[in-house]
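Trainee: I would like a close look at a single part of this model, worked through step by step. Please start from one residue and build outward.

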Amino acid sequence: AMVSSDGWTALMWASHGDERPGSDHAAVMQLLLKDGRVPLEARDQRGWEALTLACMKGYTKRVRVLLLE
């Protein structure tokens, strides 16, 4: 899986990214998880997972996606 220099995966970016009109980060997250190449339990340099990032922003739909995996 592609990982940025600070340890973020595509799943982390999708879980934390700002909402914009027409965006559906939860759907992107579902596709990434279904693909299987992006590990749910991956942690960044601070030790945070995608779930931590989604919770910090209060994105309940994205939190649900991660908890149902």
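Leaving aside its neighbours within four places in sequence, which residues is Leu33 in contact with?

Mentor: The model is predicted, so what follows describes a prediction. Beyond its neighbours within four places in sequence, Leu33 is in contact with Leu11, Val38, Leu40, Val65, Leu66 and Glu69.

Several of these names come back in the largest nonpolar core, which has 15 residues. Those with the most contacts inside this core are Leu11, Met12, Met29, Leu33, Ala50, Val65 and Leu66. Two or more residues of the core come from each of α1 (10-16), α2 (25-35), α3 (50-57) and α4 (60-67). In soluble globular proteins, nonpolar side chains tend to be buried together.

Take α2 next. Leu33 is buried there, along with His25, Ala26 and Met29. These buried residues lie on the same side of α2, because they cover an arc of only 95 degrees around its axis. Leu31 and Lys34 are on the other side of α2, and both are exposed. The buried residues of α2 pack against α1 and α4. Just after α2 comes Gly36, with a positive phi of about 85 degrees.

His25 deserves a separate remark. This histidine is found in helix α2 and has a relative accessible area of 15%; the cut-off for buried is under 20%, so His25 counts as buried. Not counting residues up to four places away in sequence, His25 touches Ala14, Gly17, Asp18, Glu19 and Arg62.

Arg62 and Glu19, both on that list, also meet each other: their side chains form a salt bridge, at 2.5 Å from N to O. Arg62 lies in helix α4 and Glu19 in the loop between α1 and α2, so the pair ties together parts that are 43 residues apart in sequence. The two partners can be set side by side by accessibility. Arg62 is at 1% relative accessibility and therefore counts as buried. Glu19 is at 44% and therefore counts as partly exposed. Side chains of opposite charge can pair when their charged atoms come close.

Arg62 leads into α4, where the buried residues are Arg62, Val63, Val65 and Leu66. They sit on the same side of α4, because the arc they cover around the axis is only 155 degrees. The face turned away from that buried side carries Thr60, Lys61, Arg64 and Leu67, which are exposed. Note that a leucine, Leu67, is among these exposed residues, whereas Leu66 is buried. The cover over the buried residues of α4 includes α1, α2 and α3. Two of the buried residues of α4, Val65 and Leu66, are contacts of Leu33.

From α1, consider Ser15, which lies in that helix. Its relative accessibility is 0%, so Ser15 counts as buried. Not counting residues up to four places away in sequence, Ser15 touches Met29, Ala50, Leu53, Ala54, Tyr59, Arg62 and Leu66. Met29 is one of the buried residues of α2, and Arg62 and Leu66 are among those of α4.

The remaining names bring in α3, where Ala50, Leu53 and Ala54 are buried. Seen down the axis, these residues fall within an arc of 95 degrees, so they line one face of α3. Ser15 touches each of Ala50, Leu53 and Ala54. The buried residues of α3 pack against α1 and α4. Just after α3, Gly58 takes a positive phi of about 75 degrees.

Last, the other charged pairs. Across the whole structure, a search finds six salt bridges. Besides the pair described above, they include one between Arg43 and Glu49, whose closest N and O atoms are 3.2 Å apart. Arg43 is at 52% relative accessibility and so counts as exposed. Another joins Arg46 and Asp44, with the closest N and O atoms 2.9 Å apart. Arg46 is partly exposed, with a relative accessible area of 48%, while Asp44 is buried, with 7%.

To return to the starting point: Leu33 is buried in α2, is among the residues with the most contacts inside the largest nonpolar core, and touches Val65 and Leu66, which are buried residues of α4.

Terms used
Residues are numbered from 1 along each chain as its sequence is written. This is a predicted model: local features need pLDDT of at least 70, side-chain atom pairs count only at pLDDT 80 or more; totals for chains, interfaces and linings use all residues. Side-chain values use heavy atoms; hydrogens and water are left out. A nonpolar core is a set of buried Ala, Val, Leu, Ile, Met, Phe, Trp, Tyr and Cys residues joined through side-chain atoms within 4.5 Å. Buried means under 20% relative accessible area, exposed over 50%, partly exposed in between (1.4 Å probe, protein chains only). Helices (H or I, at least four residues) and strands (E, at least two) are DSSP runs, numbered from the N terminus. Contact means heavy atoms within 4.5 Å. The arc is that of the directions from the helix axis to the C-beta atoms. A salt bridge is a side-chain nitrogen of Lys or Arg within 4 Å of a carboxyl oxygen of Asp or Glu.
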